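User: Please pick one part of this model and look at it closely. Then place that part in the rest of the chain.

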Amino acid sequence: MIFADWEQVAKIYQEGIETGDATFEQQVPTWETWNTNHLKSCRVVALADKQIAGWVALTAVSGR
């Protein structure tokens, strides 16, 4: 996952917020905030027909 992916990733992130199924966050963070808080070596996007269909990323530790 790179900055160029963020627009599509953020849309999926928002869907997760709206359903309550994917995150405890209340709003989608900015790329800068998200990028700072996630490990650079553990980011993956899943593509389907050249569109991002899903993503996963790890943080070192959760503050929750």
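Analyst: Lys50 is found in the loop between S1 and S2. That loop is the part to look at. This is a predicted model, in which local features need pLDDT of at least 70 and side-chain atom pairs count only at 80 or more, while totals for chains, interfaces and linings use all residues. Numbering starts from 1 along each chain as its sequence is written, and side-chain values use heavy atoms, with hydrogens and water left out.

Start with the backbone at Lys50. Its phi is positive, about 65°, although Lys50 is not a glycine. Asp49 also lies in the loop between S1 and S2. The phi of Asp49 is near 55°, again a positive value in a residue other than glycine. Why do these values draw attention? Most residues other than glycine have a negative phi.

Is Lys50 buried or exposed? Lys50 counts as exposed, because its relative accessibility is 78% (buried is under 20%, exposed over 50%, partly exposed in between; 1.4 Å probe, protein chains only). Asp49 is exposed too, as its relative accessible area of 76% shows.

Now the strands on either side. Strand S1 covers residues 43-48, and strand S2 covers residues 51-57. S1 has the highest mean pLDDT among the elements of the chain, 97 (pLDDT is the predictor's confidence in each residue, from 0 to 100). Helix H1, residues 6-19, has the lowest, 94. Helices (H or I, at least four residues) and strands (E, at least two) are DSSP runs, numbered from the N terminus.

Follow the chain from the loop into S2. Gly54 is found in that strand. Gly54 is buried, because its relative accessible area is 16%. Which residues does Gly54 touch, not counting those up to four places away in sequence? Gly54 touches Ile12, Val44, Val45 and Ala46 (contact means heavy atoms within 4.5 Å). Val44, Val45 and Ala46 fall within residues 43-48, the span of S1, and Ile12 falls within residues 6-19, the span of H1. From Gly54 to Asp21 the C-alpha distance is 14 Å, with their positions 33 residues apart in sequence.

Trp55 is also found in strand S2. Trp55 is partly exposed, with a relative accessible area of 26%. Leaving aside neighbours within four places in sequence, Trp55 is in contact with Met1, Val9, Ile12, Tyr13, Trp34, Val44 and Val45. Trp34 is part of this list, and helix H2 spans 31-37. Met1 deserves a second look. Met1 and Trp55 are 54 residues apart in sequence, yet their C-alpha atoms are 8.1 Å apart.

The chain has another loop to set beside this part. Phe24 is found in the loop between H1 and H2. Phe24 is exposed, at a relative accessible area of 69%. Its C-alpha lies 19 Å from that of Arg43, and the two are 19 residues apart in sequence. Glu25 is found in the loop between H1 and H2 as well. Glu25 counts as partly exposed, at 32% relative accessibility. Between Glu25 and Glu15 the C-alpha distance is 11 Å, across 10 residues of sequence.

Step back to the whole chain. It has 2 helices and 2 strands, and they follow the pattern α-α-β-β along the sequence. Of its 64 residues, 25% count as buried. The C-alpha trace spans about 35 × 30 × 15 Å along the principal axes. Among contacts between residues at least 6 apart in sequence, 37% join residues at least 24 apart. The accessible surface comes to about 4,900 Å² (Shrake-Rupley, 1.4 Å probe), and 54% of it belongs to carbon and sulfur atoms.

How far can the model be read? The mean pLDDT of the chain is 92, and 95% of its residues reach 70 or more. Where pLDDT is low, the predicted coordinates should not be read in detail.
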